[in-house]
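Visitor: I would like a close look at one part of this model. Please take me through the place where the two domains meet, and then through the details around it.

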Amino acid sequence: MQAAIFDMDGLLIHSEPFWKQAEQAVFSALGVPITPQETDLTAAMTTQQVTEYWYQKYPWAGHSQQEVEQRVINQVSHLIQHQGEAMAGVRYTLQSLASKGVKIALATNSPKSIIPFVFERLDIGHFFLTYSSADEVEYGKPNPDIYLLTLSKLGVRAQDCLSFEDSVGGIKASLAAGIKSIAIPHSHEFDDEKFNIASHKLRSLSEFDYSLGRQLLSA
């Protein structure tokens, strides 16, 4: 096991509620009748895709899509800086992998500008050799582009790497890049059959063990 690539929102940091909160505040102010339930529909999209989605349904005037997208990003960044909390087992898993000499990277659909705030808030940036964002590729997850880019940055082969994901879209992206993926579904989704596509499934990162990673890659 030479490398491990982590998703960010909902896997390393409990930030998905921040995205819902920011999207509801920003889009509602523009007259978009968005509800908390409707934000679930766009949870797997990039911020640009979310903005385009709501603009197509409820076009607004006076503000560009880029400006509105940035408002969402700014609100999420603020919430992360002041309220962000690590998901269970994050530091344990990162320390465990680092102690074995595993190269660690991040691959996220979130904007690149948010990543440093997450690293600083959780004090985990020193574990990561590199990171990639949907900002850097043509297509975000579930397409494999982010993972392929991250493999290139790490200088490792897909078969020597594992990914950690909390969403089906992320798992699909990883598998499409040839990388085996460990799913960490949210508790209310743990038994959902849609996660059966993953190479393995854990309830939290606290359950991960280096020997499990080696076993998965040797299978």
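Guide: What follows starts with the domains and their interface, then turns to single residues.

This is a predicted model. The domain assignment splits the chain in two. Domain 1 takes residues 3-14 and 85-218. Domain 2 takes residues 16-83. The contact draws on 18 residues from domain 1 and 15 residues from domain 2. Between the C-alpha centres of the two domains the distance is 24 Å.

Now the interface itself. Domain 1 and domain 2 bury about 1300 Å² between them. Carbon and sulfur atoms give 59% of that area. On the side of domain 1 that touches domain 2, the residues divide into 6 nonpolar, 7 polar and 5 charged. What of salt bridges across this interface? The rule finds 0 between domain 1 and domain 2. Polar contact is found there, in 5 residue pairs, with both residues at pLDDT 80 or more.

Salt bridges do occur in the structure: it holds 9. One of them joins the side chains of Asp-7 and Lys-141, at 3.0 Å from N to O. Asp-7 sits in the loop between β1 (3-6) and α1, and Lys-141 in the loop between β3 (130-133) and α7 (145-154), so this pair ties together parts 134 residues apart in sequence.

Stay with Lys-141. A cis peptide bond joins Lys-141 to Pro-142. Omega there is about 15°. Pro-142 lies in the loop between β3 and α7.

Another backbone detail comes at Asp-123. Its phi is near 55°. That is a positive value in a residue other than glycine. Asp-123 belongs to the loop between α6 (115-122) and β3.

Next, the aromatic rings. A search of the whole structure finds 9 aromatic pairs. Among them is the pair of Phe-27 and Trp-60. Their ring centres are 6.0 Å apart, and 40° separates the planes. The pair therefore counts as tilted, since stacked needs planes under 30 degrees apart and edge-to-face needs over 60. Phe-27 is in helix α1 (residues 16-29). Trp-60 is in the loop between α3 (47-57) and α4 (65-83). The two residues are 33 apart along the chain, and the pair links distant parts of it.

Terms used:
Residues numbered from 1 in each chain as written. Predicted model: local features only at pLDDT ≥ 70, side-chain atom pairs only at ≥ 80, totals over all residues. Heavy atoms only, no water. Domains from an automatic or database assignment. Contact = heavy atoms within 4.5 Å. Buried area = accessible area lost by both parts, 1.4 Å probe. Salt bridge = Lys/Arg side-chain N within 4 Å of Asp/Glu carboxyl O. Polar contact = N/O pair within 3.5 Å; in protein donor to acceptor, adjacent residues only side chain to side chain. Nonpolar A, V, L, I, M, F, W, Y, C, P; charged D, E, K, R; others polar. Phe/Tyr/Trp six-rings, centres within 6.5 Å; stacked < 30°, edge-to-face > 60°. Helix = DSSP H or I, 4+ residues; strand = E, 2+ residues; numbered from the N terminus.
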